[in-house]
Amino acid sequence: MAGRVIPLVDQRTQALVAAAHALPASAGGRLLDRLQRPLTDLRISVTDRCNFRCSYCMPKEVFDKDYRYLPHGALLSFEEITRLAHVFTRHGVRKVRLTGGEPLLRKNIDVLIGQLAALRTVDGKALDLTLTTNGSLLARKAPALKAAGLQRVTVSLDGLDDTVFRRMNDVDFPVADVLIGIDAALAAGLGPIKVNMVVKRGTNDAEILPMARHFRRTGVVLRFIEYMDVGATNGWRMDEVLPSDEVIARIREAFALERMPVSTVGETAERWRWAEPGVAGEIGTISSVTKAFCHDCNRARLSTEGKLFLCLFASRGHDLRALLRGGASDAEITGAIGGVWQGRSDRYSELRGRAEAVSGSGERRVEMHYIGG
Ligand code: SAM
């Protein structure tokens, strides 16, 4: 089945080592890329496996029983992840999100969380440490995650109607179990909890209002995500994207909303509060397709096997695992990451549809479960 394996990105160890020598070994936390964007967020994919088969992410037809996942030895170990995360903090990273695949499938994930929770930012503060999950294992794991030092969780949930939800996850997983997971996370103190709903026109857009109604008074922050053209397997079509403006218009038919000001640079969501006395809480929209936010994207992504990606829509990564396993010092890795970030000019979503983005190198884009959502 070799032909069905998503091709791996290239190895650019030599270039990385050259970059390592070009930069000072100590980083001061003020690294800027070619578009003057700082590096403040790191997303780490801890496994390429998932127990769901959402058609927009890991469609069953591709990710079937013959699909070859990465062997365990190819994955970064917890020690390797923590070592890299430490180096990233020296460059200014303040927020780390664990993702995947389904991160709660990674054995002893709480041990990794404990290690990451001990890291500090350049100003000596604790990291903002969070995790994105489909919620299927949350009921069982929430207390241990909290005890290990996880601060918050984001749960993906694409609808409340059980039939719609089971069809979307495509493994017949019941919505009730995810809701129990969300409650368990709340009870464990992993809040404020965010719930991400990917909206596909004609598939689950009838769930927008029920979801808004359900989470409105719970303190959970519901965010509607435009269906994106990540990877190369989901058969993405623009006519299945429901623009965020339409999501908001539909909610406004039932509830008054008020736009909230931007609170942090690099915030991906446009935020709205319920404009009703006595109703606290907010919702958000993430409009990667209709309102690209590349101009202040401050996120780096570390793939399951240790490749550094500068954009969710990239085809190639930079092989940090080769540096780690080749005996590079922290100073060399610091320099390498700095050099790569300084050369970054990625802004795929802003260029989407233009020749530069479409033709690109002609290479296949990396899949979301591998690079981390
Ligand atoms: N398994 C975890 C989960 O379900 O949250 C983490 C990984 S998942 C790839 C991370 C997020 O990416 C989820 O919220 C998922 O809905 C979102 N996602 C995946 N494919 C997407 C797509 N094509 N468009 C928009 N969001 C997508």
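Helices in this account are DSSP runs of at least four residues, numbered from the N terminus. With that in hand, we can place Glu-332, which sits in helix α10, covering residues 330-342. The model you are looking at is a predicted one, so let us walk through it step by step.

Start with Glu-332 itself. Its relative accessible area is 30%, and because that value falls between the 20% limit for buried and the 50% limit for exposed, Glu-332 is partly exposed. The side chain of Glu-332 reaches back to the backbone nitrogen of Ser-329, at 2.9 Å. Helix α10 spans residues 330-342, and another residue, Thr-334, offers its backbone oxygen to a partner elsewhere: this oxygen lies 2.8 Å from a polar atom in the side chain of His-91. You will find His-91 in the loop between α2 and β2, the latter being residues 95-99. His-91 has 5% relative accessibility and therefore counts as buried.

Now step back to take in the protein chain. It holds 13 helices and 12 strands. Of its 373 residues, 55% count as buried. The chain exposes about 15,400 Å², and carbon and sulfur atoms supply 53% of that area. Contacts also reach along the sequence: among those between residues at least 6 apart, 75% join residues at least 24 apart.

What lies inside? In soluble globular proteins, nonpolar side chains tend to be buried together. Here the largest nonpolar core has 109 residues, and Leu-98, Val-195 and Ile-251 touch the most other members. Helix α2 (residues 78-90) gives the most to this core, with 6 residues. Leu-98 is a good place to look around. Leaving out residues up to four places away in sequence, Leu-98 touches Ile-44, Val-46, Pro-103, Ile-109, Leu-112, Ile-113, Leu-116, Thr-130, Leu-131 and Thr-132.

Thr-132 leads us on to the ligand, for it is one of the closest residues there, along with Gly-101, Ser-156, Met-228 and Met-368. In total, 20 residues surround the ligand. They divide into 8 nonpolar, 10 polar and 2 charged. Three strands each supply at least two residues of this shell: β3 (128-133), β5 (194-199) and β6 (221-226). Several polar pairs can be picked out by eye. A nitrogen atom of the ligand is 2.9 Å from a polar backbone atom of Gly-101, and one is 2.9 Å from a polar backbone atom of Met-228. With Glu-102 the partner is in the side chain, where an N or O atom is 3.1 Å from a nitrogen atom of the ligand. Taken alone, the ligand exposes 550 Å², and the protein buries 95% of that.

Strand β5 also helps us find two loops. On one side, Pro-192 is found in the loop between α6 (175-188) and β5. A cis peptide bond joins Gly-191 and Pro-192, with omega at about -5°. On the other side, Asp-205 lies in the loop between β5 and α7 (208-215). Asp-205 has 15% relative accessibility, so it counts as buried. Its side chain reaches the backbone nitrogen of Gly-202 at 2.9 Å. Beyond its neighbours up to four places away in sequence, Asp-205 touches Val-199, Lys-200, Leu-242 and Arg-250.

The backbone has other spots to visit. Most residues other than glycine have a negative phi, and most peptide bonds are trans. Asn-108 has a positive phi of about 55° although it is not a glycine. Asn-108 is in the loop between β2 and α3 (109-117), and with a relative accessible area of 45% it is partly exposed. Asp-172 also has a positive phi, near 65°, and its place is in the loop between α5 (162-169) and α6.

Our last stop is Gly-284, in strand β9 (residues 282-286). Is Gly-284 buried or exposed? Its relative accessible area is 1%, so Gly-284 is buried. Gly-284 and Arg-271 are 13 residues apart along the chain, with 4.3 Å between their C-alpha atoms. Setting aside neighbours within four places in sequence, the contacts of Gly-284 are Leu-222, Arg-223, Phe-224, Glu-270, Arg-271 and Trp-272.

Methods: Residues are numbered from 1 along each chain as its sequence is written. This is a predicted model: local features need pLDDT of at least 70, side-chain atom pairs count only at pLDDT 80 or more; totals for chains, interfaces and linings use all residues. Side-chain values use heavy atoms; hydrogens and water are left out. A nonpolar core is a set of buried Ala, Val, Leu, Ile, Met, Phe, Trp, Tyr and Cys residues joined through side-chain atoms within 4.5 Å. Buried means under 20% relative accessible area, exposed over 50%, partly exposed in between (1.4 Å probe, protein chains only). Contact means heavy atoms within 4.5 Å. A residue is near a molecule or strand if one of its heavy atoms lies within 4 Å of it. A polar contact is a pair of N or O atoms within 3.5 Å; within protein, one must be able to donate a hydrogen and the other to accept it, and residues adjacent in sequence count only if both atoms are side-chain atoms. Accessible areas come from the Shrake-Rupley method with a 1.4 Å probe; for residues, only the protein chains shown count as cover. Ala, Val, Leu, Ile, Met, Phe, Trp, Tyr, Cys and Pro count as nonpolar, Asp, Glu, Lys and Arg as charged, and the others, Gly among them, as polar.
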